[in-house]
Structures are given as structure tokens and as C-alpha cells.
There are 2 protein chains.
Amino acid sequence: MNSWANPIKLVLVEPSGTLNLGSVARLCENFGIQELRLVEPRCNPVDTEAIKMAVRGAKLLETASQFSCLIDAIADCSRVIATCGRIDHGEIPLHQSEDALKWLLESCSSSPVALVFGREDRGLTNQELLLAQKVITLQTQPSYPSLNLSHAVAIVLHELQRCKQNVSKKGFEKAKKNDPASPTQINDCLIDAQNLLLEIGFLQKHTAESRMNKFKGLLQRAQVRPEEVSLIRGVLRQMRWAIKSCNS
Amino acid sequence: MNSWANPIKLVLVEPSGTLNLGSVARLCENFGIQELRLVEPRCNPVDTEAIKMAVRGAKLLETASQFSCLIDAIADCSRVIATCGRIDHGEIPLHQSEDALKWLLESCSSSPVALVFGREDRGLTNQELLLAQKVITLQTQPSYPSLNLSHAVAIVLHELQRCKQNVSKKGFEKAKKNDPASPTQINDCLIDAQNLLLEIGFLQKHTAESRMNKFKGLLQRAQVRPEEVSLIRGVLRQMRWAIKSCNS
């Protein structure tokens, strides 16, 4: 099995336009994406207009799974790329799409990988961007960077297709890199850390989120590995033990 | 003047859908294309639906020039690329889009260059393809290669934009990066962490080095920033305080 035979999940967060939803389903069919996942869709995925726009991709709309939040939609995915068209992404680093997509295809586990796209009007929140290991941005005119959702999907899927073909042309001779920790592993670890830091008074409730985002950003940039997440959780456990044992 | 400052004309042959026409106008605005040329359009370019889809590209619909045949629409252009999604293109050679677009941008005359897209249902005829110096095809699944017109335009314009920007790519990446923390800052922080982890029994003297190396590797990969090092040291201080205060 070539590494890029990993199933690729296309995730849309709160899509609101039936035309867009239908267009994205058609694009999935054009580019061999077999599953569409919807997080809290704001429109009916099997609306007549969506089905019409989807043409041969209509079956993807019918079988699209729905989730109540992004972390659930990517829970089984080992590598996740999110897209960002906003300029106010804070310190989250943006990658060129080509490099990031190659990385997505190099996943050596057999678990799915995901491409995440945000709302038509506001994209993904910084919180959502931080759930992905890499965030990409597309190259548009600075004077009007706002791409229609389905056009952003078209560009990314075409680039992915090109990367796949290049990979298959060259063969897969590259040394396989290890998969980074999954978004769920990282998220659980950060919740654990946040709880401890609240307990010892390092964090206050009202500042917790922004401070924890700094740690998230750091782990994201490092592409933290599963064994490193385990190491950090080991430290957290021991800290808890050290604090509690002297209380007892 | 860089060669790619040549005006690029986007030519649509017999477009029939107002949604598509509007979407293409929006894309022109997204990617800095300043003129749309229409050959025998089968719908009204300033239809309400088209204007709505165009958003900030509406002015391109209003100023679009119309022609009765393709050769007239490209008469003033020195380099012309046509797109082909059909498989029955006879002996007309198909190029990879990237190579052809680079060639388009390398035009050394100051006259315009053109990108030509065909009808939604049938694309361009072989006669029309033969008017262009190069014909490109996009990489889709062989099982369903038929892209929506505006999605094909999105893919080609994004690729063109990337070719343009590759010139200044290195500068862009450099400017984006902040200075990472100094080796001394990182080292001091790790010594501080190691001491605490030894105190609470997470590390043993004989395993300390190899475990701490894992943290080092993580911080190095992340190119940890000075303010992040301070944050980590803040956590270490608070941990120490939490452990000591319950001993006193």
C-alpha cells in the first residue's frame, strides 16, 4: 500500500451554503476523496440545490457524517491540515500548501488524515486552527484574499492530486517520517496540563485559554510526537503526586 | 518591469451559467486579473445572480468585452494558453499546468497574454485548442474528470499566482519568522526543569540526560521563542512553590 492510500477525510466546519456544499461534493468526486464530514452544518446537505450542484458527487452528500465539534470530526485522524484565509491568525504559523500536503501524504500509519475548511464568512477560529498540526494559506491578492469556500477546496484538492502523482512517479523512496501525535492526544494532554496549572494557581480561569494557546502553538510548531506527549503526561502525573503526597 | 507584469486576459468561450460567470469574476479579483473577455456568452454577464456571485469582482462583469470568435478575443496577445478537460483532443499535446504557466509569465514582450477556458459542457473544440500555443490539462480522477468551470479557473489562477510569487518566496518566509530563543536561554530553562524533575522523582540521575534530550529535541524542532521559554520557567517556579508551600 502506498502511504497516500490513507483515506483522506474532507471536513467542513459549519458550512452554510447549499451551492457550496454541493460544489464541494462534486470536487470530492473529481479528486477521489471518499468521505465528507460536516461539523454543525448550517444548511441541509441533501437540499435539492446541493444535490444538483454535486452532480456525480451527490452520494457523498447522502453519506456525509455529522459532528458537533471539530475535535470529534478529526478524532481518528493521524495528520490534520487546516486552512486559513484570515490575516488575524495570531502567532499560528502558516505553511505553503505544497509542502504541507506532501507531509500529509507521507503519513506512515494507516489511519485517516484530514483536510479542514472553515465557515464561508469567518473561516476557522484560532482555537480550531490549533487543533491541526499544520495550517495552510492560499496565495491570493492581498487586496481581496477572500476565496469562495468551494474554490479554496478546488485549489487544495488539485494540489493534493498533483502531490500524489509526484509521489507515485518518484516511488516512495523517502525515509518514512514518524507520525506526529494526533489532535486528540494533544488536546487531552493540554486539558490535563490546564487542570493542574489551575490547581496550583499558575493559571486563572480568565487567562487560562490564552496562556494554554501559547503551549498549543508550541506543540503544533514542533509537531510533537506521541511518545513526547506521553512524556509530558508522565511529568504532569508526577507533579500531581508530588503535590498530593506532601498534603497527605 | 518584471515580465509577469504583462496584463493577463482571462477569456471564457460561450459561458452559459450566471453562477459560473459571477464566480469567475470574483476569482479574477482574488488573483489580480484585470480583464475578462467573453466570446459569445450564452447568458447575461450582468445578470443579478452573476453580480451577486462576483462580490467584489462585479466591476469585471460590467467592463467585460465581448467577441464573436476566439481568434478576435486573443488577437493582441503574444502568448496564449488554453485549457482542456476532454480526452478526445486528438494529437494536440497536453502540458502540465505549472510548466506552461511559467512559460506564460516569461513573455518578454509587453503585449498581453491570455488564459482561455471553454464551455461548461463541451470545453473548447480542437480548432480552438489549436489557436493556443500551449494546452494544459488539470489532474483529476480519471473516473470523473469533469470539473466545474469556475473550479478549473480557481486552480489555474492559483497556480499562476504561485508561479508569480515564487520569485519573492524566500523573502516572504524569512520575514515571517521571529527570532528563536538563544541556546543559553533554552539551556538554563532545561537545567531548571531537570532539577525540579529530579526533586520530584520523575527523573533518576542515570536517566536524566536521555530524557531531558527528548525535551530539548522538542523545543529545538519548535524553534521555541524567548517568551515561550519565560512561560515554561513561570510554570516551573509555580510548581516549586506549590510543592514547597504544602511542606511548610
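This tour moves from the whole of chain A to one strand and one residue of chain B in a predicted model.

**Chain A as a whole**

Begin by selecting chain A and displaying it as a cartoon. Ten helices and seven strands make up its secondary structure. Along the principal axes, the C-alpha trace spans about 65 × 45 × 40 Å. The radius of gyration of chain A is 19 Å, which agrees with the value near 18 Å that a compact globule of 248 residues would have.

Next, switch on the surface of chain A. About 10300 Å² is exposed, and carbon and sulfur atoms supply 51% of that area. Of the 248 residues, 58% count as buried. If the charged side chains are coloured by sign, there are 30 positive and 26 negative charges, and their mean positions are 4 Å apart.

**The sheet of chain A**

Hide the surface and select the strands of chain A. They form an open sheet of seven strands with parallel pairing, in the order β3-β2-β1-β6-β4-β7-β5. Because β3 (65–67) and β5 (95–96) each have a single partner strand, one side of each is left without a neighbour in the sheet. Strands of a sheet pair through backbone hydrogen bonds.

Now select residues 79–83 and 113–117 of chain A, which are strands β4 and β6. Four bridges join these two parallel strands. Within this pairing, Ile81(A) has Leu115(A) as its bridge partner.

**Strand β6 of chain B**

Move to chain B and select residues 113–117, the strand β6. Which residues of β6(B) lie on each of its faces? Val113(B), Leu115(B) and Phe117(B) are on one side, while Ala114(B) and Val116(B) are on the other, and all of them are buried. Since five of the five residues of β6(B) are buried, the strand is largely enclosed by the rest of the structure. In a regular strand the side chains alternate between the two faces of the sheet.

Add the partner strands to the selection. Strand β1 (residues 8–13) of chain B runs parallel to β6(B) and is joined to it by five bridges. Strand β4 (residues 79–83) of chain B also pairs with β6(B) in the parallel sense, over four bridges.

**Ala114(B)**

Finally, centre the view on Ala114(B). Is this residue buried or exposed? Ala114(B) is buried, with a relative accessible area of 0%. Its bridge partners include Lys9(B) and Val80(B). Ala114(B) also touches other residues distant in sequence by more than four places, among them Val11(B), Ile74(B), Cys77(B) and Leu104(B). As a last step, select Pro7(B): its C-alpha atom is separated by 8.5 Å from that of Ala114(B), although the two residues are 107 residues apart along the chain.

Conventions. Residues are numbered from 1 along each chain as its sequence is written. Chains are lettered from A and ligands numbered from 1 in the order in which they are written. This is a predicted model: local features need pLDDT of at least 70, side-chain atom pairs count only at pLDDT 80 or more; totals for chains, interfaces and linings use all residues. Side-chain values use heavy atoms; hydrogens and water are left out. The radius of gyration is taken over C-alpha atoms; the globule rule is 2.2 Å times the number of residues to the power 0.38. Buried means under 20% relative accessible area, exposed over 50%, partly exposed in between (1.4 Å probe, protein chains only). Accessible areas come from the Shrake-Rupley method with a 1.4 Å probe; for residues, only the protein chains shown count as cover. Lys and Arg count as positive and Asp and Glu as negative; His and the chain ends are not counted. The place of a charge is taken as NZ of Lys, CZ of Arg, CG of Asp or CD of Glu. Two strands pair if DSSP finds at least two bridges between them. Contact means heavy atoms within 4.5 Å.
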